Amino acid sequence: MLITPGSLLAKIDTPDDLRNLDQAALPQVCAELRQFIIDNVSVYGGHFGASLGVVELTVALHYVFNTPDDQLIWDVGHQAYGHKILTGRRDVFHTNRFYKGLSGFPKRKESPYDSFGVGHSSTSISAALGMAVASQLQNNPKRHHIAVIGDGAMTAGLAFEGMNHAGATEADLLIILNDNCMSIDPNVGALREYLTDITTSPTYNKVKDEVWNLLGKMSNFGKSAQEIVSKLETGLKASLLKQSNLFESLHLRYFGPIDGHDIDHLVSVMNDLKDIPGPKLLHCLTVKGKGYGPAEKDQTKWHAPGLFDKVTGEIKKKVYATPQPPKYQDVFGHTLVELAEVNEKIVGVTPAMPSGSSMNIMMKAIPDRAFDVGIAEQHAVTFSAGMATQGQVVFCNIYSTFMQRAYDQVIHDVCIQELPVIFCLDRAGFAGADGPTHHGAYDLAFMRCVPNMIVASPMNEQELRNLMFTAQSDIIQQGKQAFTIRYPRGEGVMPNWKTPLEAVEVGKGRKIRDGKGVAILTIGPIGNYAVKACELLEKENIQPAHYDMRFVKPLDETMLHEIFQRYDSVLTVEDGCLMGGFGSAVIEFMTDHGYMARVKRLGIPDAIVEHGEQIDLHRECGFDPQGIADSVRELIYTGRAVTV
Ligand SMILES: Cc1ncc(C[n+]2csc(CCOP(=O)(O)OP(=O)(O)O)c2C)c(N)n1
């Protein structure tokens, strides 16, 4: 479906075209940009509310600053659709997030206007500061560096590390705080309260307006006048405004709050700020979903709503004639409550993903034992460790990709101290349309090498429930090991998933089927592809055995002895990186025990795999059902494996 831009937007091929427009035309540009985003996302999907909320900011930034020479860095990048559309990607925007299409996030390879690749939050300040300091070193004092960061992303330690450093420099850095009171779910924590205080304080706002007017008047009078105003402003703020202390105490000059939807004001303020040296922060108030009623009303739902009818606001859901399997995240959420109702020591922790992880089910059912700690993965892990020292049974749910941030905490705060924290890693394996920043490719490799860590992955819903049941059991909790359970994004395979809870023996795999010649060893839900592959091969009278190993650590050594004694060809399959992952573990076992089988490993190669539907990416890497079947055939026909 062809989406036609409005008449002004149709002529903006680069920000230069935007900058050639009269400022009076900008409200129309904003309206057309907003409409173009609505038209596109309703039909092609993607993130939604965040981009609508920064339409005016986006237009103002490209209008005032000389991009791409001036460096503009979007934090997270899920709000950068307007930026992409204004920077030469309007006519291919319908490919956004599709296989081989535009990335859903800024990406350096995609455009010179994407100064920094993003996806994970809270990197913008550090990256922009790095650029600003490099500009100083390279004697380029005219270049501006702008980080646009949401109030959600601002809660992360990394953002504060960046500000702490920035405040001790003279770097030309402008931080735009895009404050909409939302993360994906409502933003949490003391910073949120603080920002609300600043925003609503009448004293502060009156003084701020006076200072601003003065600054505007004086800016025509040259540098010394500006310096006087600047001193006056700082003095006023310091003496009168307790609320401004947070940013200013970090030596960032604080401006705002201003209405982030008033395009004229934004342009004039940004023009003023261009001439103010050093690190500074502009606090803009915006509404997530601005301009699209349903998205303004239910901001969490409209963060990434899927396809919808833009006229009625109805989100389109596929309708099925028969009951469908649930999402793994929902099995997690409901099972956690089921367990927590019996085991009072259970608590849940999520870093800013209540809806995404379905921790919100426990937050609703047992609010005092479920914690959203903000975008703070490192804190989430150490906070969990702290609770575990006191005997709480902690389910810390973190997306596999975001767990990368908290690796040191896993080692230093959990495993070295022998604390039995339970890590549930959602979105393990290929994340799909979110792409390489979000793929959960590495967790098997980085978790299995840490001592005092059990690593498991369920092949279906029942297995997930049983692993969770096992992890919270006294025998595991009285042990000295953390317990990682990784599962993917999306639906499982069991419409009737509410099976009775049963303990699983740690380090025990499951034989799915006996076979001849080749044994397929899988870990996690990718095992269901192997089941399909076996069905395909059956028609050719090829009958590989299939084992769901269930644990990457400890491996089921009894089962592996049986496998290497019976089969001379082994195929391992994992939805994770090949280097150091499950297949590597199997090969280590083989050499450690003197076996000499032919082993082929399927998984994610040592390369950045881009975005697309999960199945497209599995196919690309050769471990979709067809790819698995092909590998079995290869082992059969080119190897020593014998079928009878
Ligand atoms: C390290 C990390 N943790 C979690 C996420 C998931 N995530 C994506 S957007 C988002 C909310 C960001 O809130 P904010 O910065 O305020 O932007 P808004 O969506 O409100 O515009 C979260 C938690 C992420 N991208 N990176």
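Strand 2, residues 145-150, is mostly covered in this predicted model, with six of its six residues buried. His145, Ala147 and Ile149 point one way from the strand, while Ile146, Val148 and Gly150 point the other way. Both sets are buried, so to speak of either face of strand 2 is to speak of buried residues, given the cut-off of under 20% relative accessible area.

Strand 2 has partners on record here in strand 1 and strand 3. With strand 1 (residues 71-74) the pairing is parallel and runs over four bridges, and Leu72 has Ile146 as its bridge partner in strand 2. With strand 3 (residues 173-179) the pairing is again parallel, this time over six bridges, and Gly150 is bridged to Asn178. To get from strand 2 to strand 3, the chain passes through helix 7 (residues 157-166), and this β-α-β crossover is right-handed.

A comparable piece of architecture turns up further along the chain. Strand 4 (residues 253-259) is largely enclosed by the rest of the structure, because six of its seven residues are buried. Strand 4 pairs with strand 5 (residues 280-285) in the parallel sense over five bridges, and Arg253 finds its bridge partner in Lys280 of strand 5. Helix 12 (residues 263-274) carries the chain from strand 4 to strand 5, in a β-α-β crossover that is right-handed.

Now for some backbone oddities. Most residues other than glycine have a negative phi, and most peptide bonds are trans. Val76 goes against the phi habit: its phi is positive, at about 65°, although it is not a glycine. Val76 sits in the loop between strand 1 and helix 5 (81-89). At 15% relative accessibility, Val76 counts as buried because the cut-off is under 20%. Arg97 is another non-glycine residue with a positive phi, of about 75°, and it is placed in the loop between helix 5 and helix 6 (124-137). Arg97 has a relative accessibility of 17% and so counts as buried as well. Gly594, just after helix 25, takes a positive phi of about 70°, but here the residue is a glycine.

As for the peptide bonds, a cis bond joins Thr67 and Pro68, with omega at about 5°. Pro68 lies in the loop between helix 4 (55-64) and strand 1. Another cis bond links Lys553 and Pro554, where omega is about -5°. Pro554 belongs to the loop between strand 15 and helix 24.

That loop leads back to strand 15 (residues 551-553), which is where Phe551 is found. Phe551 is buried, with a relative accessible area of 0%. Leaving aside neighbours within four places in sequence, the contacts of Phe551 include Ile454, Val455, Ala456, Leu467 and Phe483. Further along the sequence, Phe551 also touches Val504, Glu505, Val506, Gly507, Lys508 and Ile523. For a sense of scale, Phe551 and Asp408 are 143 residues apart in sequence and 23 Å apart in space, C-alpha to C-alpha.

Strand 15 also helps to cover helix 25 (residues 582-592). The buried residues of helix 25 are Phe582, Gly583, Ser584, Ala585, Val586, Phe589 and Met590. Besides strand 15, the cover includes helix 20 (443-448), strand 13 (518-522) and helix 24 (557-566). Strand 16 (569-577) and strand 17 (598-604) are also part of that cover.

What about empty space inside the model? Rolling a probe the size of a water molecule over the atoms shows where such space is left. The count comes to three cavities of 30 Å³ or more, and the largest cavity holds about 40 Å³ of space. Its lining is made up of Asn40, Val41, Tyr44, Gly45, Tyr81, Phe93, His94 and Asn96. Helix 2 (residues 26-44) supplies the largest share of that lining, three residues. By class, the lining of the largest cavity has four nonpolar and four polar residues, and no charged ones.

Definitions and conventions
Residues are numbered from 1 along each chain as its sequence is written. This is a predicted model: local features need pLDDT of at least 70, side-chain atom pairs count only at pLDDT 80 or more; totals for chains, interfaces and linings use all residues. Side-chain values use heavy atoms; hydrogens and water are left out. Buried means under 20% relative accessible area, exposed over 50%, partly exposed in between (1.4 Å probe, protein chains only). Helices (H or I, at least four residues) and strands (E, at least two) are DSSP runs, numbered from the N terminus. Two strands pair if DSSP finds at least two bridges between them. A crossover is right-handed if, with the strands pointing away from the viewer, the path from the first strand over the helix to the second runs clockwise. Contact means heavy atoms within 4.5 Å. On a 1 Å grid over the protein atoms alone, a cavity is a set of points where a 1.4 Å probe fits but cannot get out, and a pocket is an open set with protein on both sides within 12 Å along at least five of seven lines; lining residues have an atom within 4 Å of a point. Grid points are joined across faces, edges and corners, and a volume is the space filled by probe spheres set on the points. Ala, Val, Leu, Ile, Met, Phe, Trp, Tyr, Cys and Pro count as nonpolar, Asp, Glu, Lys and Arg as charged, and the others, Gly among them, as polar.
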